[in-house]
Each structure stands twice: as structure tokens, then as C-alpha cells.
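Trainee: I would like to learn how to read a structure of this kind feature by feature, beginning with the contacts of a single side chain. Could we have the model in view before we start?

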Amino acid sequence: STRHFWSLRWAKSHYQGSKIMGKQVARKKETEVGEFDQSMFEADAGVGVSDMGQEDLALPFLKIISGLDPLLDDPDFKGRKGDIYNTVSQTHHNGAEGVKVIPCVYQRRFIQWAPRGAGTGAPVAVFEPTDTLPKFERSREDNKDYVVGGDGSYLEETHQHFVIVLNDDGSSETALIAMKSTGLKKSRKWNSMMSSITMKGKNGPFTPPRFSSVYLLKSVSEENSKGKWHNWDMSRIGPVEDKGVYNRAREFRASIASGDVVVKHKKESESTNDIKNDDVPF
């Protein structure tokens, strides 16, 4: 019938129109995806993050995974003992391959910790070298410096190295490496490496800033009569060659110097092989 003829014609027209419109939408989406590039991120730089203060952020710690680290009990964790772990991004690097860093600031601190199994996991107190430390005595049993007349709390000398981590994908991030116990000699060695670098300028030789060089940090296995453990090993790669990265390292140093960066230490799982620096054979 005529009515049926026009119904079929309308359906066919509607189908063709929908098909054409679908192609146009698909073509539009393809065009939008194809035209996107990361310069759009730069145009919106800082949006949504510039209004956050230090209290809203966590400075990552870069640490070597010990044999007693709870991470190793997680079936989803793919790392292993001796790997280098970022506590915020939760990424890990193979300890033998290492990670590239730019050291920015060094601080020496004395951290007072509550007895094992007590406290909140945060330090009881953090002292600078110029502060008056509580009286303490070295224990012959575990080589810890226990506060005299206290509740069993102890002091731990800690060397803080603030660094810029250079990732393989070209990105970079700030982090803190806290060296203590067997790591103190490594820290002193690293400081000596930095202070011994000289460059030739227009006015003669000079010592470049701490953040002028890139280093490769690895973890190596060490042992003595008291046990085995992994420790830091560092080597200089060469001077920083990226102006943007250099400026970020310089700005990071300035923010630390001005007190804008606050370190929030947390007590790690204690290892029976966490022996004091003086016992390590060299």
C-alpha cells in the first residue's frame, strides 16, 4: 500500500541519515584524538595542584629493600631484596642496574626513636648537629645509642640526601635518601666525591654546586661476621646537561633551605642485620 511504501522509505532514509551521522561523529572523534598533543598540558600548567601546601604532600623516600621489609610479603609486589624502592610512587628499580639522581641538599640529623614495638612510628624528636642532644650510652649488644634514664628510646645518626630522581622516560621527581648505620660511610664517601670535583671557569678552577652532577646509585651486597645486608654504591656519570632539570634541582635546593620542604620520617622494620657502621669491614 501507499502507506506501507512511505514507511519503508522513511525507515531507509532514517537509517542512512543515522549511518552518515555516525560516520561524522566517529570522524570527529578520530580528529580530536589525532590533534591532541602534550603542549596542552603545559598550557594548563599548575591547575589543580598549585594550591596545595607542604602539608598536603608526601616527600618520597628512596630506600633499599631489606630482607625483612613487609613489601616482600605482598604477593602483588614484583620487587625483591636489594631493589631500590620509591615509597610514594611505589615503583622499584633493579638494585644492580640502579637509578640516576642529582643530589641537591645534604643534612645531618640525630633522630630519637621509641623502643621497638612502642610509639606511633614517628620520631620522638629530631635533632640538628648544633642542638643539645640527650645523654646517651652505646649498647654493646646491638650498638644502639640509648638515651640514659629514658624508656628505652635511642638516637640514630641519619644523613639526609635530597635528590632529583631522573626516570628512564625522561620525567623527574624529588625524593629523599636517608642513610644510617652501615650507610654512614657511604654517605661520607659520596660527600667526598662531590667536594673533590673541580671545573675550570673564566676565573680559574672552581668547585661546582652539589646539584651540578648526575650520579648512578646502585645497591650492592655486603657482609661481615655479623651478617649480610645491601648497601648503597654510587658513581658519578657526569655534569647535568638539561637546563630545565638543572633549574629544578636548584629550585628544590632553595625550597629546602627556606624550610618549605618538611621531612616526615617513619620507623622502618628493624633487621637483625642492621649493624652499626663501625663494624663494617673496608
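Mentor: In this predicted model, the side chain of asparagine 231 makes a polar contact with the side chain of glutamate 222, at 3.3 Å. The cut-off for such a pair of N or O atoms is 3.5 Å, and so the 3.3 Å pair of asparagine 231 and glutamate 222 qualifies.

Trainee: Where does asparagine 231 lie, and is it buried or exposed?

Mentor: Asparagine 231 has its place in strand β13, which covers residues 227-239, and with a relative accessible area of 2% it is buried. Buried means under 20%, so asparagine 231 at 2% belongs to that class.

Trainee: Which residues is asparagine 231 in contact with, once its neighbours within four places in sequence are left aside?

Mentor: Asparagine 231 is then in contact with Ile64, Thr182, Gly183, Lys186, Lys218, Ser219, Val220 and Glu222. Two of these contacts lead us onward, since Lys186 is among the buried residues of helix α3, while isoleucine 64 stands opposite isoleucine 84 in β2.

Trainee: Let us take the helix, then. How does one check the length of α3, and which of its residues are buried?

Mentor: One compares the expected span with the distance between the end C-alpha atoms: the 12 residues of α3 (residues 184-195), at 1.5 Å a residue, should span 16 Å, and the ends are 17 Å apart, which agrees. The buried residues in α3 are Leu184, Lys186, Ser187, Trp190, Asn191 and Met194. Seen down the helix axis, the buried residues of α3 fall within an arc of 160°, so they line one face of the helix.

Trainee: Why would residues that are separated in sequence point the same way?

Mentor: An α-helix has 3.6 residues a turn, so residues three or four places apart point the same way. As for what the buried residues of α3 pack against, the partners are β4 (99-113), β8 (154-166), β9 (172-180), β12 (213-224) and β13.

Trainee: How many aromatic pairs does the structure hold, and how should I read their geometry?

Mentor: The structure holds 5 aromatic pairs. One of them joins phenylalanine 77 and tyrosine 85, edge-to-face, with 5.8 Å centre to centre and 85° between the planes; both phenylalanine 77 and tyrosine 85 are buried. Another pair, tryptophan 190 with tyrosine 215, is edge-to-face as well, at 5.7 Å centre to centre and 80° between the planes. Because tryptophan 190 lies in helix α3 and tyrosine 215 in strand β12, this pair ties together parts that are 25 residues apart in sequence. Tryptophan 190 is buried with a relative accessible area of 0%, and tyrosine 215 is buried with 1%.

Trainee: Returning to isoleucine 64 and isoleucine 84, how are β1, β2 and β3 arranged?

Mentor: These 3 strands form an open sheet in the order β1-β2-β3, and the pairing is antiparallel. The edge strands, each of which pairs on one side only, are β1 (62-64) and β3 (92-93). Between β1 and strand β2 (residues 84-86), the antiparallel pairing runs over 3 bridges.

Trainee: Which residue lies in the loop between β2 and β3 with a positive phi?

Mentor: That is glutamine 90, which lies in the loop between β2 and β3 and has a positive phi of about 60° although it is not a glycine. With a relative accessibility of 55%, glutamine 90 counts as exposed. Serine 181, in the loop between β9 and α3, also has a positive phi, near 50°, in a residue other than glycine, but serine 181 counts as buried at 2% relative accessibility.

Trainee: Finally, how does valine 245 sit in the model, and what is it in contact with?

Mentor: Valine 245 has its place in helix α4 (residues 243-257) and, at 17% relative accessibility, counts as buried. Apart from neighbours within four places in sequence, valine 245 is in contact with Ile102 and Leu166. The C-alpha atoms of valine 245 and glutamate 173, which are 72 residues apart along the chain, are separated by 9.9 Å.

Trainee: And what do the totals for the protein look like?

Mentor: The protein has 4 helices and 13 strands, and buried residues make up 35% of its 282 residues. Among contacts between residues at least 6 apart in sequence, 61% join residues at least 24 apart.

Terms used: Residues are numbered from 1 along each chain as its sequence is written. This is a predicted model: local features need pLDDT of at least 70, side-chain atom pairs count only at pLDDT 80 or more; totals for chains, interfaces and linings use all residues. Side-chain values use heavy atoms; hydrogens and water are left out. Helices (H or I, at least four residues) and strands (E, at least two) are DSSP runs, numbered from the N terminus. Buried means under 20% relative accessible area, exposed over 50%, partly exposed in between (1.4 Å probe, protein chains only). A polar contact is a pair of N or O atoms within 3.5 Å; within protein, one must be able to donate a hydrogen and the other to accept it, and residues adjacent in sequence count only if both atoms are side-chain atoms. Contact means heavy atoms within 4.5 Å. Two strands pair if DSSP finds at least two bridges between them. The expected span of a helix is 1.5 Å times one less than its number of residues. The arc is that of the directions from the helix axis to the C-beta atoms. Rings of Phe, Tyr and Trp (its six-membered ring) pair if their centres lie within 6.5 Å; planes under 30 degrees apart count as stacked, over 60 as edge-to-face and the rest as tilted.
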